[in-house]
Amino acid sequence: GYRRAPSQDEVERLAQFVESVQASGQKWEAGIQQAIKVILCSPKFLFRLELDDRPDSPEPRPMDEFHLASRLSYFLWSTMPDEELFELAAAGQLSRPAVLSAQVDRLLRDSRGWRFVTQFTNQWLKLENTAQIAIDTSTYRGFKTNLKDEMLQETRHFFRHLMLTDRSALNLLDSDFTMLNEPMARHYGVAGVYGQGFREVALKAEGRGGLLGHASVLMLGSTGRDSHPIRRAVWIRDRLLNDPPSPPPADVPDLDESNPEFAKLSVREQLEVHRNKESCASCHRGIDPWGIALEHYDAIGKFRTEVKSKPVVATDTLPNGQELRGAESLKQYLINHRSEDFSRALVTRLSIYALGRDIQLSDEDLMD
């Protein structure tokens, strides 16, 4: 009941409880029913306890084999351990590095491993927020709602494929392949991919590699009608670098998309109007270039060279003087100069998910 073998003391206490119910004149079955209620109401059943039972001992208990089995199964399967994990824990074998590594691989390859892929990409990349983006079908004629799910599946299959083939996490920043099925290949204009199954497909053009080329991520950084460079920039800094910009002051207005004259301007021109105030400009200098570099992609992740009959301008300069000229330049900058920040951000997000709590100062050595 507690996802581990019971201690002798726990068994004796439950047995005494059953006896006390019988002593009050009730049947043996009633005692068993009451004992089961005690188990089901116990914090040990309801929660995965990480502290010793003694109130005078606030220190985390040593990680025993059964705790490890539960940590592992709830991390990768979002449910309790299976029989194989319990058997290895009971035999004292699960903590052996070779055994633990084999079990991680088994859990990830199991169909239940998709729970980790789905839930972690939702939390880390905020993929679940795509449900709030309503694609403007008057702008994108023929766009079907079910294509949204295909976009999410590309990103999830890509993440899972990197894990199962043990490739560098830097492929998340830039890669020479992605995972496509026929609907997504058609969306991107890639020929020769047929069927609903996702498979590895080599990329040759348009800087499509890595998360920043995925339609799911590009759609997140949009209004549903057009790209939104600020949203894309904040997503990059927050999700990929764990360096979110400060929120804007309460009195700073958003881009005035409802103004017809303002709406005629390109996004770059709208941002320039927005940055006329020095109070806005000081923050936007460190935000806008990250999103402007992705301007060659529209709200549904398709490549473009013009917006509102004007050539796309995807060039801007970071406060450190680094010029970003389109998606390829941005990705190379991330890999060459910010890969350490990205790696730490990924490890931190993964640890938060695995541990079920935020990272504390005492975890810094572990993160390193």
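## Overall make-up

How many helices and strands does the protein chain have? The model you are looking at is a predicted one, and its protein chain has 18 helices and six strands. Of the 368 residues in the chain, 44% are buried.

Two further totals help set the scene. The chain exposes about 19,700 Å², with carbon and sulfur atoms supplying 53% of that area. Among contacts between residues at least 6 apart in sequence, 61% join residues at least 24 apart.

## The nonpolar core

A good place to start exploring is the inside. The largest nonpolar core has 72 residues. Phe 116, Trp 124, Leu 172, Leu 240, Trp 290 and Leu 330 are the members with the most contacts inside this core. Helix 8, which covers residues 146-164, gives the most to the core, with seven residues. In soluble globular proteins, nonpolar side chains tend to be buried together.

Trp 124 is a handy residue to click on. Setting aside neighbours within four places in sequence, Trp 124 is in contact with Phe 159, Leu 172, Leu 211, Leu 240, Phe 342 and Leu 346, and also with Arg 239 and Arg 349.

## Leu 212, a buried loop residue

Is Leu 212 buried or exposed? Leu 212 has a relative accessibility of 3%, so it counts as buried. Its place is in the loop between strand 2 and helix 10 (215-220).

Not counting residues up to four places away in sequence, Leu 212 touches Leu 218, Trp 235, Ile 236, Leu 240, Leu 294, Tyr 297, Leu 330, Lys 331 and Leu 334. One of these partners, Tyr 297, is 85 residues away along the chain, yet the C-alpha atoms of Leu 212 and Tyr 297 are separated by 9.8 Å.

## A pair of strands

Strand 1 (residues 177-180) and strand 2 (residues 199-202) pair in the antiparallel sense over four bridges. If you want one bridge to look at, Phe 177 has Ala 202 of strand 2 as its partner.

Which way do the side chains of strand 1 point? Phe 177 and Met 179 point one way, Thr 178 and Leu 180 point the other way, and all of them are buried. In a regular strand the side chains alternate between the two faces of the sheet.

## Salt bridges

The structure holds 19 salt bridges, and a few examples show the settings they come in. In helix 1 (residues 8-23), Asp 9 and Arg 13 are four residues apart, so about one helical turn separates them. Their closest N and O atoms are 3.1 Å apart, forming a salt bridge. Asp 9 is partly exposed because its relative accessibility is 42%, and Arg 13 is partly exposed with 47%.

Other pairs are buried. Asp 238 and Arg 239 are both buried, and they form a salt bridge with the closest N and O atoms 3.0 Å apart. Arg 239 is also one of the contacts of Trp 124. Arg 304 and Glu 295 form another salt bridge, with a closest N to O distance of 3.4 Å. Arg 304 counts as buried because its relative accessibility is 12%, and Glu 295 is buried with a relative accessible area of 7%. Elsewhere, salt bridges that share partners join Asp 82, Glu 84 and Arg 106 into one network.

## On the surface

Trp 28, Ile 32, Ile 36 and Leu 40 form a nonpolar patch on the surface, and together they have about 370 Å² of accessible area. Ile 36 lies in helix 2 (residues 28-41), and with a relative accessibility of 43% Ile 36 counts as partly exposed.

Tyr 74 is found in helix 4 (residues 65-76). At 25% relative accessibility, Tyr 74 is partly exposed. Tyr 74 and Leu 355 are 281 residues apart along the chain, while their C-alpha atoms are separated by 9.6 Å.

## Two loop residues with positive phi

Asp 166 is not a glycine, but has a positive phi of about 55°. Asp 166 lies in the loop between helix 8 and strand 1, and is exposed, with a relative accessible area of 70%.

Where is Ser 309 found? Ser 309 is in the loop between strand 3 (306-307) and strand 4 (310-311). Its phi is near 65°, a positive value in a residue other than glycine. Ser 309 counts as exposed because its relative accessibility is 67%, and the cut-off for exposed is over 50%.

Terms used. Residues numbered from 1 in each chain as written. Predicted model: local features only at pLDDT ≥ 70, side-chain atom pairs only at ≥ 80, totals over all residues. Heavy atoms only, no water. Core = buried A, V, L, I, M, F, W, Y, C linked by side-chain atoms within 4.5 Å. Buried < 20%, exposed > 50% of the residue type's maximum accessible area, 1.4 Å probe, protein only. Contact = heavy atoms within 4.5 Å. Pairing = 2+ DSSP bridges. Patch = residues over 30% accessible without salt bridge, like charges linked within 9 Å, V, L, I, M, F, W, Y side chains within 5 Å. Areas by Shrake-Rupley, 256 points an atom, 1.4 Å probe, with all protein chains shown as cover. Salt bridge = Lys/Arg side-chain N within 4 Å of Asp/Glu carboxyl O.
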